[in-house]
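Here is a protein model to read step by step. Look at it first, then follow the dialogue.

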Amino acid sequence: MNDKLIVLAGGTGDLGKRIALALIKRKANLRILVRPGSSLELPGADIVAIDFNNPLELISACKGATIVISALAGLGDVIIDTQKRLLDAAIEAKVPRFIPSDFSADFTKLPEGSNRNFDLRREFHRYLEKKPIAATTIFNGGFMDMLSGQAPFILFKFKRVLFWGNADQKLDFTTKDDTAAYTAMVALDKSTPRFLNIAGDIFSAKELAEKASEVFKTPFKLFRAGSLGMLSAIIKIVRTLSPKTKELYPAWQGMQYMHNMYSGEAKLQTIDNNRYPELKWTSVKDFLKTIKKSE
Ligand SMILES: NC(=O)c1ccc[n+]([C@@H]2O[C@H](COP(=O)([O-])OP(=O)(O)OC[C@H]3O[C@@H](n4cnc5c(N)ncnc54)[C@H](OP(=O)(O)O)[C@@H]3O)[C@@H](O)[C@H]2O)c1
């Protein structure tokens, strides 16, 4: 076992559990912080139940770690408040490195208000930048897994690829498992830069339609839903009529994410996939083949 202790918060979640498994596979010394009452059992990890609102419990749980990874998900009470408490505890416990729960398109240059969930992350970053701890954000574009239906890029029933604006705009996508494996490598690394960008595959709507046609052996055509200006107007209307402010992913927030990607404003500028040459990346064609098999 690797003697460097890694602390993970959010290990019961979708991405968090995959990060935990990727770390266990690499024989990491892993401590997962869970909320009391959690039923998480992962052989190879030390599971510690703590009250995330109690700074002393958090500090004690972070002691001895070389890095704290956050894979938490939520609104301001989690992404800002709980992550701040976790970060402060890591600093107090003299942990040298922190990975915030970003795992998204590059939101650093987006205008305020263009994506509610990204505004929360930028607010946390402003706090983080002032703190005496090294941090690494991992940007992975969209999760490729969402192309199987959760995000309306491919309309399987109509054999269409839906896009806004320009069909040639390149989009970044990475599977959850590839993101988790990379995060594990970053955690086990000695030192890493402030930002690392990864993309399992990069393609436009036009290319996505071509790849879907090839994999499913039936033509997938493009469907231009409208201009980016029209998408902005629709987002405003949906948000007004159905605000659902307490939901993490209301429909309008998904539309904000699509706008950020199709406008190119959240496009990854550099790609750091090759930092760990042993990692293999899932292309969108490989991913679509897994959907085909499970149909
Ligand atoms: N790029 C993309 O397309 C994309 C898509 C989806 C998600 N993401 C990102 O991936 C990251 C992880 O998301 P996910 O989908 O894996 O989330 P998830 O499955 O909802 O898991 C969330 C985790 O946070 C924990 N949590 C929530 N509120 C908490 C609180 N108040 N105190 C302590 N723990 C709390 C949950 O614990 P419990 O089990 O106790 O509730 C769980 O472990 C997030 O940054 C998310 O934005 C990216």
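Q: Where should I start, and how do strands β4 and β5 pair?
A: Start with two neighbouring strands. This is a predicted model. Strand β4 covers residues 65–70, and strand β5 covers residues 97–99. They pair in the parallel sense, over three bridges.

Q: Which residue in β5 is the bridge partner of Val68?
A: The partner of Val68 is Phe98. Next, look at Ile69, which stands opposite Ile99 in β5.

Q: What packs on the sheet and touches β4 and β5?
A: Helix α3, residues 76–92, packs there. Its contacts include β1 (5–9) and β2 (29–34) as well as β4 and β5. The direction of α3 makes about 175 degrees with that of β4. Together, β4, α3 and β5 make a right-handed β-α-β unit.

Q: In what order do the six strands form the sheet?
A: Read across the sheet: β3-β2-β1-β4-β5-β6. The sheet is open, and the pairing is parallel.

Q: Why is one side of β3 and of β6 left without a neighbour in the sheet?
A: β3 (45–49) and β6 (134–135) stand at the edges. Each has a single partner strand, so one side of each has no neighbour in the sheet.

Q: How many bridges join β1 to its partners β2 and β4?
A: Five bridges join β1 to β4, and the two run parallel. Five bridges also join β1 to β2, again in parallel. Now find some pairs. Val7 has Val68 of β4 as its bridge partner. Ile6 has Ile67 of β4. Leu8 has Ile32 of β2. On the way between strands, β1, helix α1 (residues 14–25) and β2 make a right-handed β-α-β unit.

Q: Are the faces of β1 covered or open?
A: To read burial, use a cut-off: buried means under 20% relative accessible area. Both faces of β1 are covered. Leu5, Val7 and Ala9 are buried on one side, and Ile6 and Leu8 on the other. Five of the five residues of β1 are buried, so the strand is largely enclosed by the rest of the structure. β4 is mostly covered, with five of its six residues buried.

Q: How can I check a helix such as α8, and what should its twelve residues span?
A: Compare the expected span with the model. At 1.5 Å a residue, the twelve residues of α8 (residues 251–262) should span 16 Å. Its end C-alpha atoms are 17 Å apart, which agrees.

Q: Is α8 mostly covered or mostly exposed?
A: α8 is mostly covered, as ten of its twelve residues are buried. Among them are Trp252, Met255, Tyr257 and Tyr262. The buried residues pack against several elements, including α4 (116–129), β10 (160–164) and α7 (228–241). Just after α8, Gly264 takes a positive phi of about 85 degrees.

Q: How many residues does the largest nonpolar core have?
A: That core has 40 residues. Those with the most contacts inside it are Leu147, Phe153, Phe173, Tyr262 and Leu288. The elements that give two or more residues to this core are β10, β11, α6, α7, α8 and α9 (284–294). A second, separate core of 33 residues includes Leu30, Ala45, Met185 and Leu188.

Q: Where is Gln169 found?
A: Look in the loop between β10 and β11. Gln169 is buried, with a relative accessible area of 18%. Its contacts include Phe203, Met261, Tyr262 and Gly264.

Notes:
Residues are numbered from 1 along each chain as its sequence is written. This is a predicted model: local features need pLDDT of at least 70, side-chain atom pairs count only at pLDDT 80 or more; totals for chains, interfaces and linings use all residues. Side-chain values use heavy atoms; hydrogens and water are left out. Two strands pair if DSSP finds at least two bridges between them. Helices (H or I, at least four residues) and strands (E, at least two) are DSSP runs, numbered from the N terminus. Contact means heavy atoms within 4.5 Å. Axes are lines fitted to C-alpha atoms, for helices over the stretch in contact, and angles run from 0 to 180 degrees between N-to-C directions. The expected span of a helix is 1.5 Å times one less than its number of residues. Buried means under 20% relative accessible area, exposed over 50%, partly exposed in between (1.4 Å probe, protein chains only). A nonpolar core is a set of buried Ala, Val, Leu, Ile, Met, Phe, Trp, Tyr and Cys residues joined through side-chain atoms within 4.5 Å. A crossover is right-handed if, with the strands pointing away from the viewer, the path from the first strand over the helix to the second runs clockwise. Lists of a residue's contacts leave out its neighbours within four places in sequence.
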